[in-house]
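The report below describes a single protein chain from its overall make-up down to individual residues. Please keep the sequence and the model at hand while reading.

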Amino acid sequence: MRGGTVQAPADVRTEPAEQASGPSRLPLVVHILALGTFLMGTTEFVVAGLLPEIAGDLNVSVARTGLMITVFAVGMIIGAPLMAMLTLRLPKRLTLMLALGVFAVGHVIVALGSDFTVLLAARFLTAIATGAFWAVANVAAATAAGPAAGSRALGLVGAGAMLANVVGVPLGAFAGQLMGWRGPFWALAALSAAAIVLIARTVAHDGPSQQTVSVRSELTALRSGRVWLVLAACATTTGGVLAAYSYIAPLLTDRSGIASGIVPLVLVGFGLGALAGSLVGGRLGDRRPHTVTIVAAAGSTLLLLAISLLAGYAVPTIILVTLLGFFGLGANPVLMALAVRFAKQAPVLASALTVSAFNLGTAIGSWIAGRTLDSSLGTTGPAVVGTVIAALTLIPTLAIAFLQRRRTGAAA
C-alpha cells in the first residue's frame, strides 16, 4: 500500500492464519471517518421515525412521505460508483470535504423546505454525497490503517453507521418530537460542517501515484470474477437480513405478542448486535476473511429460519433478533476489504460498488418481503424471504474461498 491507493497483498495471503496482527490502536483518522458514517447512517434512517410529523406538516400522506427513504436508497445506489468516477482525480481529502459540504447543504434545504418535490430532490442530492463519502472513506481508512488492519479499520468505519441505528436515529426521532421534525436536519447540517474541519486536519495528502489514476484503470476492477462474487455476497447478505428487519415490528407485535412500546428496545438490541458484529467481524476478518464470511452467512440463514419458526414466542424471538444483528451484518467490513483487495489497482470503484450492492440488496429484499405480508405467510413472510436470500450468500462466499484455496495451492 502506497501513494494513497490500497495495494492488494499477494493472493496467498488472503486467508493467512499466521498473518501478523495489525496495530493495537487504529489511527485517529479512522475514528473521524467513522464519525462521518455515523452522520450518514443517521440521516438515512431518521426519516422513518419522523414520518408522521413530516407528513402532517407538509400535508402529504405517510406512504408518500416514505419516498424520502426510497429516494435516498436510489441515490446511494447510483451515487456511490458515479461520484467515485467523477472525483477520481481529486485528492481524497478534498473529495471527503466536498461530500460533507454537499451533505450539509442538502440538510439545510430539507430543514427550510416546504415543497415536497424540493425535499425529495434534496434527499437525492444528500444520498449522492453520502455515496461519495462512504466509498472514499473506506479506501482512506484502509490506507491509513495498513494492510494488516484494513478489515478492522473498515469494521470501525462501518460501526459508525451501526451506531447510528442505536444512538443517532432514536435521538433524532426524540429531538424531532420535542422541537419539530426540522430540528434533526439542522443538527445534522451543523455536525457535518464541523466534521469538514476534522477531515481537513486528519486525512493525509495523497501520494504522487494519485495523479496516474484514470477511469480506465479503475474499470479494470470489473474484469475480476472474484469482485463480482463479493458484490453478489454484499447484496444477498444485507438483502436477507434487512428483508426481515424492515418488517420486524409487525412480526413482534402481531405474532410474538410484544407490546408496541417494547419494540424500540428490541430494535436497539438488533443495533447493538450489529455494532458488535461489525467490530468483531472486522477484527477477525484481517486473519480469516473467508471463515468470517461463510460463518456469518450460515449463521444468518439459521437465525432467520429460527425466527420464522419461533415467531410465536416472545423471549426466543427477541434473542434471535439481537443475534441476527451480530451475524447478519458482521461480515460487511470483511466483504468490503475483499472487494478492495481483489480489485487491485482499482480500490475506489470497488469500494463504491460494495456500497451500491448493499443498498441494492436492501431495496430488492425489502420490496419482496413487503409483498409477502398480504400472502398466507402473513407477518412471518419477510423472515421466510430473508432466510432464502441469506442462504444464497453461501454460494458466492464458498466460491470465493474455493478459488482462493485453488490459487494458494497453485502458488505453492
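What follows treats the chain as a whole, then its largest pocket, its nonpolar cores and a set of single residues.

## The chain as a whole

The model is a predicted one, and its chain is made up of 18 helices and 0 strands. Of the 412 residues of the chain, 55% count as buried, while the accessible surface comes to about 16700 Å², with 70% of that area belonging to carbon and sulfur atoms. When contacts between residues at least 6 apart in sequence are taken, 86% of them join residues at least 24 apart.

## The largest pocket

The largest pocket holds about 1700 Å³ of space. Its lining consists of 46 residues, and those closest to the centre of the pocket are Phe-45, Leu-242, Tyr-245, Ser-246 and Thr-362. By residue class, the lining of the largest pocket divides into 33 nonpolar residues, 12 polar residues and 1 charged residue.

Several helices share in this lining: H1 (28-45), H4 (67-86), H7 (150-179), H10 (225-245), H11 (248-255), H12 (263-285), H15 (332-342) and H16 (347-371) each supply at least two residues of it. Which helix gives the most to the lining of the largest pocket? That helix is H16, with 8 residues.

## Nonpolar cores

The largest nonpolar core has 68 residues, and within this core the residues with the most contacts are Leu-26, Val-30, Leu-33, Leu-96, Phe-133, Ile-199 and Val-230. Helix H6 (residues 116-145) provides the largest share of this core, namely 12 residues. Apart from the largest core lies another one, of 25 residues, which includes Ala-159, Leu-251, Leu-324 and Ala-390.

Leu-26, one of the residues with the most contacts inside the largest core, touches His-31, Ala-145, Ala-149, Arg-152, Ala-153 and Leu-156, when residues up to four places away in sequence are not counted.

## Buried residues in helices H12, H13 and H15

Ser-278 has its place in helix H12 and counts as buried because its relative accessibility is 0%, where the limit for buried is under 20%. Leaving out residues up to four places away in sequence, Ser-278 touches Gly-155, Gly-158, Ala-159, Met-162, Gly-330 and Pro-333. Of these partners, Ala-159 is also among the residues of the core of 25 residues.

Ile-307 is found in helix H13 (residues 289-310) and counts as buried at 1% relative accessibility. Apart from its neighbours within four places in sequence, Ile-307 is in contact with Leu-251, Leu-320, Val-321, Leu-324 and Ala-383; Leu-251 and Leu-324 are among the residues of the core of 25 residues.

Val-334 lies in helix H15 and is likewise buried, with a relative accessible area of 1%. Not counting residues up to four places away in sequence, Val-334 touches Ser-151, Gly-281, Gly-285, Pro-289, Val-292 and Thr-293.

## Exposed and partly exposed residues

Is Leu-171 buried or exposed? Leu-171, a residue of helix H7, is exposed because its relative accessible area is 53%, and exposed requires a value over 50%.

Asn-59 is found in the loop between helix H2 (51-58) and helix H3 (62-65), where it counts as exposed at 71% relative accessibility. The backbone of Asn-59 has a positive phi of about 60°, although the residue is not a glycine.

Ala-148 belongs to the loop between H6 and H7 and counts as partly exposed because its relative accessibility of 24% falls between the limits of 20% and 50%.

## Pairs separated along the chain

Four of the residues described above can be set beside a partner elsewhere in the sequence, as the table shows.

| Pair | Separation in sequence | C-alpha to C-alpha distance |
|---|---|---|
| Leu-171 and Thr-42 | 129 residues | 9.4 Å |
| Val-334 and Gly-281 | 53 residues | 6.9 Å |
| Ala-148 and Arg-287 | 139 residues | 8.4 Å |
| Ile-307 and Leu-324 | 17 residues | 9.4 Å |

For Val-334, the partner Gly-281 also appears among the residues that Val-334 touches, and for Ile-307 the partner Leu-324 is likewise one of the contacts.

Notes
Residues are numbered from 1 along each chain as its sequence is written. This is a predicted model: local features need pLDDT of at least 70, side-chain atom pairs count only at pLDDT 80 or more; totals for chains, interfaces and linings use all residues. Side-chain values use heavy atoms; hydrogens and water are left out. On a 1 Å grid over the protein atoms alone, a cavity is a set of points where a 1.4 Å probe fits but cannot get out, and a pocket is an open set with protein on both sides within 12 Å along at least five of seven lines; lining residues have an atom within 4 Å of a point. Grid points are joined across faces, edges and corners, and a volume is the space filled by probe spheres set on the points. Helices (H or I, at least four residues) and strands (E, at least two) are DSSP runs, numbered from the N terminus. Ala, Val, Leu, Ile, Met, Phe, Trp, Tyr, Cys and Pro count as nonpolar, Asp, Glu, Lys and Arg as charged, and the others, Gly among them, as polar. A nonpolar core is a set of buried Ala, Val, Leu, Ile, Met, Phe, Trp, Tyr and Cys residues joined through side-chain atoms within 4.5 Å. Buried means under 20% relative accessible area, exposed over 50%, partly exposed in between (1.4 Å probe, protein chains only). Contact means heavy atoms within 4.5 Å. Accessible areas come from the Shrake-Rupley method with a 1.4 Å probe; for residues, only the protein chains shown count as cover.
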